[in-house]
Amino acid sequence: MIGHPIARGRCRVKSWKGELDLELATFDAERRLRPTRRFEALRATALAIGARLIVLDNTSHLFGGDENVKREVAAFVNLLNGLAAEIDGVVLLLGHPNKAGLNNPGAGDANQYGGSVAWENQVRSRMFMAFVPDDDDARELTNPKANYSPKGNKLSFRWHRGAFVHDNDMPEDQRAEIAATIQASADNATFLRCLAEMTRPEQAVSQNAPSPPFAPHVCAKMP
């Protein structure tokens with residue numbers, strides 16, 4: 001996708017779905033980078049329309065090298081850095097993280113990478129979009145690396161009526177409704193965790209109030 005951040009109506013979107021040879025660069029037997037005709041066409045289009053922002057989705061389609069080889073990653077990122085300098089703008093390259101790591105909270109920052117961490121070392125900044133626990137529609141965008149601005153910022157938004165929307169951009173009544181739904185879902189999840197702990201040692205609980213084994217009363221006493 002190629003867009004213009006200043007003038008309205010200057011955004012161009014190009015789908016390459018179903019097309020072959022999508023790589024912007026390949027590597028020869030000596031691991032030297034070779035820009036492809038696809039890259040040259042992208043570059044020519046960007047210069048012709050005066051693009052200042054180029055969004056490329058995603059590395060698995062566009063990177064023709066081995067992401068575990070630091071030299072190849074460095075060369076590819078340098079190619080995109082050169083394009084960014086030529087348009088006096090930004091090239092944003094999208095990638096997908098290690099899905100196995102996302103299910104392992106103890107993995108730390110390692111769960112934010114696919115392949116070599118050379119991507120982190122070569123780019124000037126990196127953003128990461130993550131799921132929010134216990135809220136399937138919510139996402140958080142952070143900037144773990146930012147060479148030219150403060151890092152550690154966070155932007156929260158959610159999927160709403162076909163698009164990701166910042167919470168502050170939604171009407172007050174919708175925000176209240178969503179907040180209530182999130183709270184109810186969290187309460188349900190907490191109750192189910194407590195119930196699982198009670199049934200594991202076969203502790204009897206009841207759905208009838210106000211009997212002593214009434215499940216919510218028992219849950220309230222659990223740490």
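Student: What do the side chains of E19 and R38 meet in?

Tutor: The general idea is that side chains of opposite charge can pair when their charged atoms come close. Here E19 and R38 meet in a salt bridge, with 2.9 Å from N to O. The term covers a side-chain nitrogen of Lys or Arg within 4 Å of a carboxyl oxygen of Asp or Glu. Before we go on: this is a predicted model, where local features need pLDDT of at least 70 and side-chain atom pairs count only at pLDDT 80 or more, while totals for chains, interfaces and linings use all residues. Residues are numbered from 1 along each chain as its sequence is written, and side-chain values use heavy atoms, leaving out hydrogens and water.

Student: Where do E19 and R38 sit in the chain?

Tutor: The pair links distant parts of the chain, 19 residues apart: E19 is in the loop between β1 (2-3) and β2 (25-27), and R38 is in helix α1. Those labels come from DSSP runs, numbered from the N terminus: helices are H or I with at least four residues, strands are E with at least two.

Student: Is R38 buried or exposed?

Tutor: R38 is buried, at a relative accessible area of 16%. Its partner E19 comes out at 33%, so E19 counts as partly exposed. The cut-offs are under 20% relative accessible area for buried, over 50% for exposed, and partly exposed in between, using a 1.4 Å probe and protein chains only.

Student: How many salt bridges does the count come to?

Tutor: Nine, by that rule. One of them joins E86 to R43, with the closest N and O atoms 2.5 Å apart. That pair also links distant parts of the chain, with E86 in helix α3 and R43 in helix α1, 43 residues apart. Both residues are partly exposed: E86 has 37% relative accessibility and R43 has 27%. Then there's E72 with R31, at 3.5 Å from N to O. E72 lies in helix α3 (residues 70-87) and R31 in the loop between β2 and β3 (33-35), so this pair ties together parts 41 residues apart in sequence. E72 is buried at 5%, whereas R31 is partly exposed at 42%. You can also look for a network of salt bridges linking D28, E30, R32 and R34.

Student: Which residues of α1 are buried?

Tutor: General idea first: an α-helix has 3.6 residues a turn, so residues three or four places apart point the same way. In α1, the buried ones are R38, F39, L42, A46 and I49. They cover an arc of only 115° around the axis, which puts them on the same side of α1; the arc is that of the directions from the helix axis to the C-beta atoms. The face turned away from this buried side carries the exposed residues R37 and A48.

Student: What span should α1 have?

Tutor: The expected span is 1.5 Å times one less than the number of residues. For the 13 residues of α1 (residues 37-49) that gives 18 Å, and the end C-alpha atoms are 18 Å apart, which agrees. After α1 comes G50, with a positive phi near 75°.

Student: Which residue other than glycine has a positive phi of about 60°?

Tutor: Most residues other than glycine have a negative phi, and most peptide bonds are trans. R31, which you've already met in a salt bridge, has that positive phi of about 60°. D88 is another case, with phi near 55°. D88 lies in the loop between α3 and β5 (90-94) and counts as exposed at 55%. As for peptide bonds, the one from D57 to N58 is cis, with omega near 0°. N58 is in the loop between β4 (53-57) and α2 (59-62).

Student: In what order do the four strands of the open sheet come?

Tutor: Strands of a sheet pair through backbone hydrogen bonds, either parallel or antiparallel. Here the order is β6-β7-β8-β9, with antiparallel pairing; two strands pair if DSSP finds at least two bridges between them. At the edges are β6 (125-132) and β9 (163-166), each pairing on one side only. Seven bridges join β6 to β7 (residues 135-146), and V132 stands opposite D135 in β7.

Student: How many disulfides does the structure hold?

Tutor: Zero, where a disulfide is a pair of cysteine sulfur atoms within 2.5 Å. The sulfur of C194 is 4.1 Å from the closest cysteine sulfur, in C219, too far for a bond.
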